[in-house]
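Visitor: I would like a close look at a single part of this model, taken slowly and in connection with what surrounds it.

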Amino acid sequence: AVIKRIIAIGGQELTLRYESDGFYYFYVKDKNQSKGEKLIEEYILNRADMNQEYWQRFRDNNYDLIISEISTKETTISIPEGKVFVLGDNRKVSNDSSYYGPVDSENILGKIAFSYAYDENIFVYLWKQLCLIF
């Protein structure tokens with residue numbers, strides 16, 4: 001089992017677009033929308049990983065789903081019904097839909113209800129408190 005974020009679902013269009021800051025961003029569009037909504041991904045570990053190399057991987061591994069392409073600046077794919085597009089937070093090394101394409105939605109086993117960001121200062125404090133008890 002793996003834990004990934006669902007970025008787009010069947011029937012949606014997913015665009016990877018190059019922007020003026022030098023990085024790529026995802027946009028998701030429902031069929032009834034005129035333009036896609038930019039995904040705000042504060043959880044991305046390193047925005048620099050969203051570069052041309054990443055675009056190439058996204059494009060090559062989802063080539064059969066491309067419905068629009070504007071050179072290396074923008075590629076749009078259509079997510080088939082019954083599929084979901086999943087991505088990991090560490091985009092450079094994550095094995096996700098940018099590698100193997102959309103996955104069957106029936107393979108989704110659950111939903112994360114709570115997550116915790118590791119903070120070394122809190123960990124050290126809690127460890128010291130625990131040591132005082134024992």
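How many of the 5 residues of E7 are buried, and what follows for the way this strand is enclosed by the rest of the structure?

Guide: The model is a predicted one, in which local features need pLDDT of at least 70 and side-chain atom pairs count only at pLDDT 80 or more, while totals for chains, interfaces and linings use all residues. Residues are numbered from 1 along each chain as its sequence is written, and side-chain values use heavy atoms, leaving out hydrogens and water.

Of the 5 residues of E7, 4 are buried (under 20% relative accessible area with a 1.4 Å probe, protein chains only; over 50% is exposed, and the range in between partly exposed), so the strand is largely enclosed by the rest of the structure. E7 covers residues 83-87; strands (E, at least two residues) and helices (H or I, at least four) are DSSP runs numbered from the N terminus.

The partners of E7 are a natural place to begin. Strands of a sheet pair through backbone hydrogen bonds, in either a parallel or an antiparallel arrangement. E7 pairs with E1 in the antiparallel sense, over 4 bridges (a pair needs at least two DSSP bridges), and within that pairing Ile6 stands opposite Val86 of E7. E7 is also joined by 2 bridges to strand E8, residues 103-104, and these two strands run antiparallel as well; here the bridge partner of Val84 is Val103 in E8.

From the backbone we can turn to the aromatic side chains, since Phe85 belongs to E7. The structure holds 4 aromatic pairs (ring centres within 6.5 Å; planes under 30 degrees apart are stacked, over 60 edge-to-face, the rest tilted). In one of them, the rings of Phe26 and Tyr54 have centres 6.3 Å apart and planes at 85°, so this pair is edge-to-face. Distant parts of the chain are linked by it, because Phe26 lies in strand E3 (residues 24-29) and Tyr54 in helix H1 (residues 52-61), 28 residues apart. Both Phe26 and Tyr54 are buried. Another pair, again edge-to-face, brings us back to E7: Phe58 and Phe85 are 5.8 Å apart from centre to centre, with 65° between their planes. This pair too links distant parts of the chain, with Phe58 in helix H1 and Phe85 in strand E7, 27 residues apart, and both Phe58 and Phe85 are buried. Ring pairs link Phe26, Tyr54, Phe58 and Phe85 into a cluster, and its members come from strand E3 and helix H1 as well as from strand E7.

Since E3 contributes Phe26, the sheet that holds E3 deserves a word. Its 5 strands form an open sheet in the order E4-E3-E2-E6-E5, with antiparallel pairing. Strand E4 (37-38) and strand E5 (66-70) stand at the edges with a single partner strand each, so one side of each has no neighbour in the sheet. Further in, strand E2 (residues 13-18) pairs with strand E6 (residues 74-78) in the antiparallel sense over 5 bridges, and Arg17 stands opposite Glu74 of E6.

Asp21 offers a point of reference away from E7: its place is in the loop between E2 and E3, and it is partly exposed, with a relative accessible area of 42%. Between the C-alpha atoms of Asp21 and Val84, which are 63 residues apart along the chain, the separation is 28 Å.

Key:
Rings of Phe, Tyr and Trp (its six-membered ring) pair if their centres lie within 6.5 Å; planes under 30 degrees apart count as stacked, over 60 as edge-to-face and the rest as tilted.
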